[in-house]
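Welcome to the tour. Keep your viewer open and your selection tool ready, and we will walk from stop to stop.

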Amino acid sequence: MKKLIDRSDALNYIKDGDTLLVGGFGLSGTPLTLLDELANSNIRDLTVVSNNLGEVGKGLGKLLVSGNLKKAVGSYFTTNRDAVEAWNEGRLEIELVPQGTLAEAIRCGGAGIGGFYTKTGVGTKLADGKEKKVFDGETYILEQAIKGDVSIIKALKADTLGNLVYDHTARNFNAVMATAGKTVIAEVDEIVEVGDLHPLEIVTPHVYVDHVVLNKYVKKGGVYVESI
């Protein structure tokens, strides 16, 4: 499989100052293996676009304490107290984006749409400095699309071409992020042969996927634990 790479080799596609789109909701659908590699690297000044920053010492929470991050763009950073402390101390820039707006902005980035108007955030500080327009008597604000240098996503399976299927709600942000990154690296639990995936299962076609990495974690009792 030409797209399969070693997890340490994935770092060759990420450089200082990159914007990373990182899938996951909490820790569900989070590419833990790839984030572990990043946390142990010397790559710095990263901007991460993700729903949240993992949990204390887990997922993106590792990158926070290891000093890889410069800025976080997302919705629910208070789920990780380290993120709040880092922001209070000036070690982390934070840009808050409502969850639905975040998902749509990434989708637009992948679809080649420059931006969209939404009522979410109107009348709040989140609307400061943004263009406003009135449609049918209601005020909307313009939100720009979000794209990334590298998308790091998590899927359940890939076939040898790189077609992806997801594990229930672990699909969350992963599918849209697969369309919005210049380079897409998918961490998967299993690789199967072409034809083993039913066409209706495939959510992300292989044309979006540049590289595939095998997950180093296995699921036991509903949670992922390190196996190797």
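Is Asp18 buried or exposed? Asp18 is buried, with a relative accessible area of 3%; buried means under 20% relative accessible area, exposed over 50% and partly exposed in between, using a 1.4 Å probe and protein chains only. Before moving on, note that this is a predicted model, in which local features need pLDDT of at least 70, side-chain atom pairs count only at pLDDT 80 or more, and totals for chains, interfaces and linings use all residues. Residues are numbered from 1 along each chain as its sequence is written, and side-chain values use heavy atoms, with hydrogens and water left out.

**Stop 1: salt bridges**

Now add Lys15 to your selection: this residue forms a salt bridge with Asp18, with the closest N and O atoms 3.0 Å apart. A salt bridge here is a side-chain nitrogen of Lys or Arg within 4 Å of a carboxyl oxygen of Asp or Glu. Unlike buried Asp18, Lys15 is exposed, at 53% relative accessible area.

Next, select Lys71 and Glu95, whose side chains meet in a salt bridge at 3.1 Å, N to O. Lys71 lies in strand β3 (residues 69–74) and Glu95 in strand β4 (residues 93–96), so this pair ties together parts 24 residues apart in sequence. Helices (H or I, at least four residues) and strands (E, at least two) are DSSP runs, numbered from the N terminus.

**Stop 2: helix α1**

Select residues 32–39, which form helix α1; eight of its eight residues are buried. One of them, Glu37, has 17% relative accessibility and forms a salt bridge with Arg7, the closest N and O atoms being 3.3 Å apart. Arg7 sits in the segment before β1 (19–22), so the pair ties together parts that are 30 residues apart in sequence. Asp36, also buried in α1, is linked with Lys62 and Lys216 in a network of salt bridges.

**Stop 3: the three-stranded sheet**

Show the open sheet with strand order β5-β7-β6 and antiparallel pairing; strands pair if DSSP finds at least two bridges between them. Its edge strands are β5 (115–118) and β6 (132–135). Four bridges join β6 to β7 (residues 138–144), and Val134 has Thr139 as its bridge partner in β7.

Finally, select Asp136 in the loop between β6 and β7. Its phi is near 50 degrees, a positive value in a residue other than glycine, and Asp136 is exposed, with a relative accessible area of 84%.
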